[in-house]
Amino acid sequence: MSLTREAASNTAKVLSEALPYIQRFTGKTIVVKFGGNAMVDEKLKASFARDIVMMKLVGMNPVVVHGGGPQIGDLLKKLNIESHFINGMRVTDSKTMDVVEMVLGGTVNKEIVNLINHAGGKAVGITGKDGQLLMARKLKVRHSKPEMAAPEIIDIGHVGEVASIDTSVIDMLTNSDFIPVIAPIGVDGEGRSYNINADLVAGKIAEVLQAEKLMLLTNVAGLQDKNGQVLTGLSTKQVDDLIADGTIYGGMLPKIQCALDAVKGGAKAAHIIDGRVNHATLLEIFTDQGVGTLITNTTG
């Protein structure tokens, strides 16, 4: 079926608008955290995979880091393993950690690899344990109540934070024209496995790779002001001010903090984008408008 003149004109306009962005980002590393609705909606999963393949085809180096909280929860329920959360984090004993590794390193990771390969890319799935990519340490959780004299340190099991990153396995894959798909499981010096927050892992990898962009797919339209308007372009200082005055709070705070740390640590920019929008990743990179919040080190 042939295109109408209007449709052809729109296609040409889109391609023309994308050209300077393609030229600017060729050869650059883009770290994308894949999670939220985009991970469970079939149409969004397929559009995400095509976006990643497109990025690779035009000369960028996408690196995908994924979560999988809902999928872990589903399997734990099927296995009758009860979940407890402290400060929003799942208490992870050895039995739960086995399930986490099975879901993140197996089912979810391989599904994303398959989606990208089916869309014409060459993806390879790894966990942070491969090539000692993610060295981890146990995350210490401080829990306090008004009646307590001092906060107590709670052991939530195999939940970790990033101690160090060795990017050689990522470099090897990107230099060989592959797309790394990383499950956020780390390992310590004793060989113990740890589940690490995927946003945190994506941010730290973007930092170490000095990535051009860190892109965090979320279930919101972007960072919003107190009137619910999306803030499209912010400097790190403006974000610090929004945290200080309470505009950014609750569940959005850890995600924004991770983006902020990445930009302050060496990534050129961070994007909080609406993963519920079809082709959100391409729209944010290749169009003037974008579909989320951009955070950079520029003053303003």
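This is a guided tour of the pockets and cavities in a predicted model, with suggestions for what to select at each stop.

**Stop one: the largest pocket**

Begin by selecting Gly 88, Met 89, Asn 197, Ala 198 and Asp 199, which lie nearest the centre of the largest pocket among the 44 residues that line it. The volume of this pocket is about 1300 Å³. To see which elements surround it, colour helix 3, strand 4, strand 9 (160-165), helix 6 (198-208), strand 13 (213-218) and helix 8, each of which supplies at least two residues of the lining. Helix 8 provides the largest share, with 7 residues. If you then colour the lining of the largest pocket by class, you should find 19 nonpolar, 17 polar and 8 charged residues.

**Stop two: the annotated positions**

Which residues does UniProt list under "binding site"? An unreviewed entry there gives Gly 68, Gly 69, Arg 90 and Asn 195. They span 128 residues in sequence, yet no two of their C-alpha atoms are more than 12.4 Å apart, so they gather at one spot. Gly 68, Gly 69, Arg 90 and Asn 195 also belong to the lining of the largest pocket, and you can therefore keep the view from the previous stop while you select them.

Two of these positions deserve a separate look. Gly 69 sits in helix 3 (residues 69-78), and it is partly exposed, with a relative accessible area of 32%. Arg 90 belongs to strand 4 (residues 89-90), and at 13% relative accessibility it counts as buried, because the cut-off for buried is under 20%. Show the side chain of Arg 90 and follow it to the backbone oxygen of Gly 69, which it reaches at 3.3 Å. Leaving aside neighbours within four places in sequence, the residues in contact with Arg 90 include Gly 69, Ile 72, Gly 73 and Leu 76, as well as Phe 85, Thr 96 and Val 159.

**Stop three: Lys 255**

Move next to helix 8 (residues 252-265), where you will find Lys 255. Is Lys 255 buried or exposed? Its relative accessibility is 13%, and Lys 255 therefore counts as buried. Beyond its neighbours within four places in sequence, Lys 255 is in contact with Lys 33, Asp 199, Leu 216, Leu 217, Thr 218 and Ile 272.

**Stop four: the second largest pocket**

Now select helix 1 (5-25) and helix 9, each of which supplies at least two residues to the lining of the second largest pocket. This pocket has a volume of about 260 Å³, and helix 1 gives the largest share of its lining, 5 residues. Among the lining residues are Val 14, Leu 15, Ile 22, Met 54, His 279 and Phe 286. By class, the lining of the second largest pocket divides into 8 nonpolar, 2 polar and 1 charged.

**Stop five: the cavities**

How many cavities of 30 Å³ or more does a search of the whole structure find? The search finds 2. For the largest cavity, which has a volume of about 50 Å³, select helix 2 (42-57) and helix 9 (280-286), since each supplies at least two residues of the lining. Helix 2 gives the most, with 4 residues, and the lining of the largest cavity includes Leu 44, Phe 48, Asp 51 and His 279.

Finish at the second largest cavity, with a volume of about 30 Å³, by selecting Phe 34, Met 39, Lys 45, Gln 71, Glu 111, Ile 112 and Leu 115, which line it. Helix 4 (residues 94-118) gives the most to this lining, with 3 residues.

How values were computed. Residues are numbered from 1 along each chain as its sequence is written. This is a predicted model: local features need pLDDT of at least 70, side-chain atom pairs count only at pLDDT 80 or more; totals for chains, interfaces and linings use all residues. Side-chain values use heavy atoms; hydrogens and water are left out. On a 1 Å grid over the protein atoms alone, a cavity is a set of points where a 1.4 Å probe fits but cannot get out, and a pocket is an open set with protein on both sides within 12 Å along at least five of seven lines; lining residues have an atom within 4 Å of a point. Grid points are joined across faces, edges and corners, and a volume is the space filled by probe spheres set on the points. UniProt positions are given in the numbering used here, feature names are shortened, and annotations may be inferred rather than shown by experiment. Buried means under 20% relative accessible area, exposed over 50%, partly exposed in between (1.4 Å probe, protein chains only). Contact means heavy atoms within 4.5 Å. A polar contact is a pair of N or O atoms within 3.5 Å; within protein, one must be able to donate a hydrogen and the other to accept it, and residues adjacent in sequence count only if both atoms are side-chain atoms. Ala, Val, Leu, Ile, Met, Phe, Trp, Tyr, Cys and Pro count as nonpolar, Asp, Glu, Lys and Arg as charged, and the others, Gly among them, as polar.
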